[in-house]
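Work through the exercises below with the model open. Each task is followed by its solution in steps.

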Amino acid sequence: MSESDKLFKELGYEKHSSKTHERFDLYSPDNERLIRIVFNKMTKRIAIHCDGEALDMQELKAINMKCKELGME
């Protein structure tokens, strides 16, 4: 498990991955999706969906770490 994956896990995110994407989902206690972060390995782009929520500094740190690990710098 990569360092960014560990950090996302500590923050409560669930990881889903395929050959072309890595996705991290954060759910509320009532199992509603709050935040989805998708790393597209092919286009080297990131999509962030925050259903009324905002990202904190730890989440931004995890995103930056994942970008470096995927060579998206």
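**Exercise 1.** Determine in which sense S3 and S4 pair and over how many bridges.

Solution. Strand S3 covers residues 33-40, and its pairing with S4 is antiparallel, over six bridges. Here strands (E, at least two residues) and helices (H or I, at least four) are DSSP runs numbered from the N terminus, and two strands count as paired if DSSP finds at least two bridges between them. Next, take individual partners: phenylalanine 39 has isoleucine 46 in S4 as its bridge partner, and arginine 36 stands opposite histidine 49 in S4. Finally, inspect the turn: the hairpin of S3 and S4 has four residues between the strands, and lysine 44 in the turn has a positive phi of about 60°.

The model is predicted: local features need pLDDT of at least 70 and side-chain atom pairs count only at pLDDT 80 or more, while totals for chains, interfaces and linings use all residues. Residues are numbered from 1 along each chain as its sequence is written, and side-chain values use heavy atoms, with hydrogens and water left out.

**Exercise 2.** Describe the pairing of S2 with S3 and of S1 with S2.

Solution. S2 and S3 run antiparallel and are joined by seven bridges. Two facing pairs can be checked: arginine 23 stands opposite valine 38 in S3, and tyrosine 27 stands opposite arginine 33 in S3. Their hairpin has five residues between the strands, and asparagine 31 takes a positive phi near 70° there. Now turn to S1 and S2, also antiparallel, with four bridges. Serine 17 has glutamate 22 in S2 as its bridge partner, and three residues lie between the two strands of this hairpin.

**Exercise 3.** Assemble the sheet and explain why S1 and S4 each have one side without a neighbour.

Solution. The four strands form an open sheet with antiparallel pairing, in the order S1-S2-S3-S4. S1 (14-17) and S4 (45-50) stand at its edges and have a single partner strand each, so one side of each has no neighbour in the sheet. From one strand to the next the twist averages 15°.

**Exercise 4.** Place the helices against the sheet and against each other.

Solution. H1 lies across S1, S2 (21-27) and S3, at about 20° to S2; contact means heavy atoms within 4.5 Å. H2 lies across S1, S2, S3 and S4, at about 20° to S3. The axes of H1 (residues 3-10) and H2 (residues 57-69) come within 8 Å and cross at roughly 155°. Axes are lines fitted to C-alpha atoms, for helices over the stretch in contact, with angles from 0 to 180 degrees between N-to-C directions. The two helices are therefore roughly antiparallel, a label for angles over 145 degrees. In the interface, Glu3, Ser4, Asp5, Leu7 and Phe8 of H1 meet residues of H2, including Ala62, Ile63 and Lys66.

**Exercise 5.** Which residue forms a salt bridge with aspartate 5, and how far apart are the closest N and O atoms?

Solution. A salt bridge requires a side-chain nitrogen of Lys or Arg within 4 Å of a carboxyl oxygen of Asp or Glu. The structure holds nine of them. Aspartate 5 pairs with lysine 66, and their closest N and O atoms are 2.8 Å apart. This pair links distant parts of the chain, since aspartate 5 is in H1 and lysine 66 in H2, 61 residues apart.

Terms used: Angles under 35 degrees count as roughly parallel, over 145 as roughly antiparallel, 65 to 115 as roughly perpendicular and the rest as oblique.
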